[in-house]
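Subject: Structure handover and notes on its aromatic residues

Dear colleague,

I am passing on the structure below for your work. My notes on what was found in it follow directly after.

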Amino acid sequence: CGPEAFIHFHGTLTFRHLHLLDQVYYGQAKCMLQRVGTWNFDIFLFDRLTNGESLVCLTLELFCKYGLIELFGLDPLRLHSFLVRIQEGYRSRNPYHNSLHAADVTQAMYCYLQEPKLSESLTSWDILLALLAAATHDLEHPGVNQNFLLKNDHFLASLYQNSVLENHHWKSALSHLRESGLLSHLPIEDRHRMEERLGSLILATDISRQNEFLSRFKAHLDRKDLNMSSPEHRQFILQMALKCADICNPCRPNSLSTCWSHCVTKEFFQQGDVERAHRHDVSPLCDRHSNSVAIIQKSFISYVVEPLFVQWARFCDTPLSHCMLGYMKQNKKYWSNAGQEDLMDNAQTTCCKVLPRGT
């Protein structure tokens, strides 16, 4: 997927660069992109077929599908260069917060953008921002949580008073965006407005603000006063969509969901190991001696995922919402049946270990 690896033609990407991968693999990747809007899209397989460049290839495809290159007069080479910088800005050694997670969130966001309530009301600016926010929402994630940064007096903790990680992701995205010159041809007022809106979306992914957003969402739904012709309300719905996309793994088919569960647990436990080695208190969920994938997932689904997606289904009462709730219930039952058994050994062979270099 280098600069010469694609042709923008009738809203699709045509892959070349066949010296990188076998032609059969490129054919399979192209076929997968035809189903990029389906909820059972296997991002793990797509990442392997694109040699670890799933974020670049998938985001380029979505920009083409929406005609954003023409609409905003974007330079295709600058766009490609920007996306490569973003992909490389994710740390490949992170088991979970890596470019593959960003690609998965971007694909989920695309599914939500196709929902009638959104597709019939969003502007081209809304769509551009939604895709950029999804692709960059965890940019340069260090693989540890905010509490770890605060406890260890990390330099990032001194830069921001709150939402340390999310502010870092946002500022990193702005740095790459400005350095790439991707939007430099647009009026400065439009660029500044876009940057602020991008920050609003990324900052909304701070899990510590979950109840704040959920309460506001529920209040709007109870009052039935969401107006998608209002720019403010559209921005809020994009915030909620990104929050859903960010934690949608338990709402995916079990084969995909369990892979993500193992990866995020591995990252938690790695942080706990570091904390223990430095004789610090081990953070909640990060102690491999008192937690398991099943314990963590049951709690996460019950207290974080389910409340959010139940309200999203109230807003978007569609087949996709019912599908996500169905998978969530199946996965919740799966982890409940797993009991206290620690499945981390399986994670090494079934999911995280098979990811290609570059993810």
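W335 has a relative accessibility of 0% and therefore counts as buried, the limit for that class being under 20%. Y334, with 34% relative accessibility, counts as partly exposed. Please keep in mind throughout that this is a predicted model. The rings of Y334 and W335 form an edge-to-face aromatic pair, with 4.9 Å from centre to centre and 80 degrees between the planes.

In total, the count of aromatic pairs comes to 13. Another of these pairs is formed by F217 and F236, whose ring centres are 5.9 Å apart and whose planes stand at 70 degrees, so that this pair, too, is edge-to-face, given that angles over 60 degrees are classed that way. Because F217 belongs to helix α13 (residues 210-223) and F236 to helix α14 (residues 231-246), the pair ties together parts that are 19 residues apart in sequence. Both partners count as buried, F217 at 0% relative accessibility and F236 at 1%.

The pair is also part of a wider arrangement, since ring pairs link W39, Y112, F213, F217, F236, W312 and F315 into a cluster. W39, a member of that cluster, has R252 lying over its face, at 3.9 Å from the ring centre. A similar arrangement is found at W170, where K171 lies over the face of the ring at 4.0 Å from its centre.

Two members of the cluster, Y112 and W312, also appear, together with L198 and F309, as the residues with the most contacts inside the largest nonpolar core, which has 101 residues. Leaving out residues up to four places away in sequence, W312 touches Y112, L118, F217, I237, M240, A241, C244, S321 and M324. Apart from this core lies another one, of 7 residues, which include V144, L149, V164 and L165.

Finally, there is one annotated position to report: UniProt, in an unreviewed entry, places the feature "active site" at H97, and such annotations may be inferred rather than shown by experiment. In the model, H97 is found in the loop between α5 (76-89) and α6 (99-113), and with a relative accessible area of 14% this residue is buried. Once its neighbours within four places in sequence are set aside, H97 is in contact with Y90, R91, D138, H141 and E267.

With best regards

Methods:
Residues are numbered from 1 along each chain as its sequence is written. This is a predicted model: local features need pLDDT of at least 70, side-chain atom pairs count only at pLDDT 80 or more; totals for chains, interfaces and linings use all residues. Side-chain values use heavy atoms; hydrogens and water are left out. Rings of Phe, Tyr and Trp (its six-membered ring) pair if their centres lie within 6.5 Å; planes under 30 degrees apart count as stacked, over 60 as edge-to-face and the rest as tilted. Helices (H or I, at least four residues) and strands (E, at least two) are DSSP runs, numbered from the N terminus. Buried means under 20% relative accessible area, exposed over 50%, partly exposed in between (1.4 Å probe, protein chains only). A charge sits over a ring if NZ of Lys or CZ of Arg is within 6 Å of the ring centre and within 35 degrees of the ring normal. Contact means heavy atoms within 4.5 Å. A nonpolar core is a set of buried Ala, Val, Leu, Ile, Met, Phe, Trp, Tyr and Cys residues joined through side-chain atoms within 4.5 Å.
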